[in-house]
Amino acid sequence: MIRVVGARENNLDDVSVEIPKRRITVFTGVSGSGKSSLVFDTIAAESQRLINETYSTFVQGFMPTQARPDVDVLDGLTTAIIVDQERMGADVRSTVGTATDAAAMLRILFSRLGEPHIGPARAFSFNVATVSGAGAITTSRSGREVKQRRSFTVAGGMCPRCEGRGAITDFDLTALYDESKSLSQGALTVPGFSMDGWYGRIFRGSGFFDPDKPIARFTAKERDALLYREPIRIKVDGINVTYEGLIPKIRKSFLAKDREAMQPHVRAFVDRAVTFATCPECGGTRLNAAARSSKIGGISIADACAMQISDLAAWVRNVADPSVAPLLAALRRTLDAFVGIGLGYLSLDRPSGTLSGGESQRTKMIRHLGSALTDVTYVFDEPSIGLHPHDIARMNELLVRLRDKGNTVLLVEHKPEMIAIADHVVDLGPGAGAAGGRVIFEGTVDGLRGSGTVTGRHLDDRAALKPAVRRATGTLRVRGANTHNLRDVDVDLPLGVLVVVTGVAGSGKSSLISGSVSGRDGVISIDQGPIRGSRRSNPATYTGVLDPVRTAFAKANGVRPALFSPNSEGACPVCNGAGVVYTDLAVMAGVATTCEECEGRRFHDDVLTYTLGGRSIADVLDLPAGEAATFFAGGEARVPAAAAILHRLTAVGLGYVKLGQPLTTLSGGERQRLKLAARMGDAGEVYVLDEPTTGLHLADVEQLLALVDRLVDGGKSVIVIEHHQAVMAHADWIVDLGPGAGHDGGRVVFEGTPADLVAGRSTLTGEHLAAYVGE
């Protein structure tokens with residue numbers, strides 16, 4: 001057994017539980033009930049901390065320090081391997097191949113068997129540039145100095161034109177500056193390049209041009225210095241700084257990141273100012289001519305990486321050479337694991353930043369499936385995310401295989417199909433936030449069904465098809481869609497109704513919607529990307545509710561709004577508005593203690609004397625969203641702008657979350673709904689939701705559907721990419737893509753009402769939906 005006694009992380013209320021080893025244990029409960037706090041923040045975190053402590057203090061100094069979780073006893077822990085939903089690194093050079101070592105094995109294979117032979121494995125790497133140099137060196141021999149001429153060459157595979165990125169960029173100069181203005185008048189329109197900051201001082205003091213002259217009157221030399229000047233050290237106001245032209249600076253600051261990882265305002269600027277085109281020299285393969293010229297059986301490494309992985313696995317099976325037999329065996333195992341886990345439709349050259357959360361999680365699983373380790377605790381965070389019901393059975397087989405090797409498997413999961421394989425179930429609740437954090441059931445799946453808990457009651461829920469569907473008020477036409485694996489898809493998406501786009505994982509759903517719908521005017525797209533926020537971020541700052549509240553406080557008390565921000569003038573001087581004081585203990589975990597000055601309230605004492613409706617700003621931030629909505633809806637504390645945002649938070653089921661609660665303490669499902677609430681206020685007619693049921697309990701899904709109904713009944717159009725059968729059954733119109741994944745998909749296999757899909761059973765989705773609704 002893994003024995004946990006007295007766990008109090010986040011909202012856990014002195015939880016004690018015994019988890020059987022070498023079994024599959026599923027943790028269930030409504031979103032925010034404390035599942036992740038128990039599994040990830042307590043069990044897995046302590047296992048990782050104990051492993052880190054086995055290293056020398058010198059090595060520990062380079063590792064992230066972790067505090068011991070707030071728990072009395074943790075017994076029987078084994079090494080924990082965490083496979084979470086975090087999207088994979090969004091570096092522009094990271095691909096599926098580089099993230100899983102498959103590309104590294106391919107490079108070695110081509111360096112040994114490729115004809116003509118061009119060099120070692122690095123000659124096939126798009127991250128290594130070809131470098132050569134020559135010069136004289138002086139050596140000492142027998143007391144005499146001898147000069148010799150030496151040269152060297154490092155053969156790399158990087159395409160020199162695009163520097164291994166596969167794409168070249170072109171800039172729309174009109175989006176970088178307003179040429180009718182001078183720099184001093186604020187001509188630059190690049191985010192962060194204001195004349196009031198450091199960049200302004202550097203540009204003004206560079207001496208390469210007159211900052212008071214309109215850019216339209218710059219000479220060719222001045223314009224070149226402004227835009228293209230390579231880095232050079234200059235002195236500004238007596239300080240040595242580096243001056244660099246606008247375009248090289250933008251390349252380094254913005255374009256080194258994957259587009260998906262950019263902040264929204266930076267992404268909007270990049271979309272406006274930069275056009276990306278496939279590199280004409282390498283054709284998007286990222287490799288130079290030499291690397292592309294070496295082939296095995298007529299296939300170059302670029303061709304191999306562009307193949308669908310299922311096809312590449314078949315090709316590798318036909319390569320036979322005793323000299324590289326162990327390498328081929330390892331490569332076959334890795335590629336077969338991709339196919340077995342349902343990712344055979346990807347290619348190794350697919351940028352890792354474009355993978356969905358579910359695809360990222362399964363790509364990380366590849367490393368562990370063939371592992372020789374046993375007696376390991378594998379911790380999975382909703383492995384069913386992004387999986388069609390057809391794919392879930394395959395995922396279940398993989399988890400059972402991990403268990404049968406002698407491992408302990410812990411799952412945080414909401415899908416009944418995955419809960420069904422559990423040997424042991426731990427249900428947390430009964431509610432979310434402060435109303436949760438207790439173990440309300442432990443036992444078997446059958447025991448859970450009869451337990452009367454929220455999860456037990458909803459476990460066998462089956463949504464019925466709607467008796468009548470809404471009529472469309474118009475259509476959104478998509479013509480010739482060919483992103484990724486789509487095959488010139490033409491489809492009319494009805495407006496004024498709830499449209500669900502579905503299909504097996506990899507069939508082209510996200511490609512269709514993100515490639516052909518999301519960028520249009522009036523379309524609000526809410527993707528799976530995680531909310532990024534520090535300990536200082538909270539629901540009040542993220543949703544923007546704090547701005548009108550601060551203004552109202554300032555107006556009521558006749559002072560500046562900045563006083564009511566813990567990150568500005570109103571901050572407690574001791575903890576700088578953090579509410580806690582951090583003590584850095586070098587190699588040991590840092591200690592966070594509640595600030596004695598403000599007692600964790602984050603504000604200066606003077607600020608707390610100002611009130612609105614009888615409450616201080618700290619009192620307001622301590623209110624749950626539901627109570628705050630009532631507080632700001634009327635009376636002397638009436639703030640309509642704040643009340644509108646708070647009503648949206650309550651509508652998505654987050655009425656229990658406190659306004660000042662750090663974002664770092666919210667669960668995945670809570671963050672997903674917080675994002676939905678924040679974006680619901682945007683001006684637009686069409687909402688695109690990418691798997692909004694991620695992290696949601698079966699009971700929460702009903703609330704989400706009620707919210708979607710309110711949007712549609714209010715005249716909006718909602719397009720949902722989803723695998724959850726309850727959402728499909730609730731749709732007015734379904735577009736099903738398939739029939740398979742990768743090059744076996746990319747076509748529309750059904751368009752129509754859910755009733756027609758169930759009656760026809762012509763697709764995999766139709767079969768599973770029919771079984772779900774009991775037709």
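# Notebook: cavities, a helix pair and some single residues

**Entry 1. G297.** I began with G297, which is exposed because its relative accessible area is 77%. My cut-offs: buried means under 20% relative accessible area, exposed over 50%, partly exposed in between, with a 1.4 Å probe and protein chains only. The model is predicted, so I took local features only at pLDDT of at least 70 and side-chain atom pairs only at pLDDT 80 or more, while totals for chains, interfaces and linings use all residues. Residues are numbered from 1 along each chain as its sequence is written, and side-chain values use heavy atoms, with hydrogens and water left out.

I placed G297 in the loop between β12 (295–296) and β13 (299–300). Helices (H or I, at least four residues) and strands (E, at least two) are DSSP runs, numbered from the N terminus. I then took a distance from G297 to N127, 170 residues apart along the chain. Their C-alpha atoms are separated by 25 Å.

**Entry 2. Cavities.** How many cavities of 30 Å³ or more are there? I count four. A cavity here is a set of points on a 1 Å grid over the protein atoms alone, where a 1.4 Å probe fits but cannot get out; lining residues have an atom within 4 Å of a point. Grid points are joined across faces, edges and corners, and a volume is the space filled by probe spheres set on the points.

The largest cavity holds about 130 Å³ of space. It is lined by 17 residues, and the closest to its centre are E382, K415, T693, T694 and H724. I sorted this lining by class: five nonpolar, eight polar and four charged residues. For the classes, Ala, Val, Leu, Ile, Met, Phe, Trp, Tyr, Cys and Pro count as nonpolar, Asp, Glu, Lys and Arg as charged, and the others, Gly among them, as polar.

The second largest cavity holds about 60 Å³. Its lining consists of I526, D527, Q672, R673, L676, L689, D690, E691, P692 and L704. I get five nonpolar, one polar and four charged residues there. Which elements supply at least two residues each to this lining? They are α24 (668–679) and β24 (686–690). Helix α24 gives the most, with three residues.

**Entry 3. T693.** I went back to T693, one of the residues closest to the centre of the largest cavity. T693 sits in the loop between β24 and α25 (698–713). Is T693 buried or exposed? T693 counts as buried, because its relative accessibility is 8%. I left aside its neighbours within four places in sequence and listed the contacts of T693: V701, L704, E722, H724 and V727. Contact means heavy atoms within 4.5 Å. L704 also appears in the lining of the second largest cavity. H724 is listed with T693 among the residues closest to the centre of the largest cavity.

**Entry 4. Helix pair.** I looked at α13 (residues 357–369) against α14 (residues 389–404). They pack at an angle of about 35 degrees, with axes 12 Å apart. Axes are lines fitted to C-alpha atoms, for helices over the stretch in contact, and angles run from 0 to 180 degrees between N-to-C directions. The α13–α14 crossing is left-handed. That is, the near helix is turned anticlockwise from the far one by less than a right angle.

Which residues meet? From α13 I have R362, M365, H368 and L369; from α14, M395, L398, L399 and L402. The contact has six nonpolar, one polar and one charged residues.

**Entry 5. Backbone checks.** I found a cis peptide bond from G429 to P430, with omega near 0 degrees. P430 is in the loop between β16 (424–429) and β17 (438–443). The bond from G738 to P739 is cis too, with omega near 0 degrees. P739 is in the loop between β26 (733–738) and β27 (747–752).

Next I noted positive phi values outside glycine. N576 has phi near 55 degrees and lies in the loop between α20 (546–557) and β22 (580–583). E599 has phi near 55 degrees. I placed E599 in the loop between β23 (591–594) and α21 (617–621). E599 counts as exposed because its relative accessibility is 63%.

**Entry 6. A770.** I closed with A770, in helix α28 (residues 764–773). A770 is buried, because its relative accessible area is 0%. Leaving aside neighbours within four places in sequence, I found A770 in contact with V758, R761 and E775. The C-alpha atoms of A770 and A729 are separated by 9.5 Å, with their positions 41 residues apart along the chain.

Definitions and conventions: 1 Å grid on protein atoms, 1.4 Å probe; cavity = no way out; pocket = protein on both sides within 12 Å on 5 of 7 lines; lining within 4 Å.
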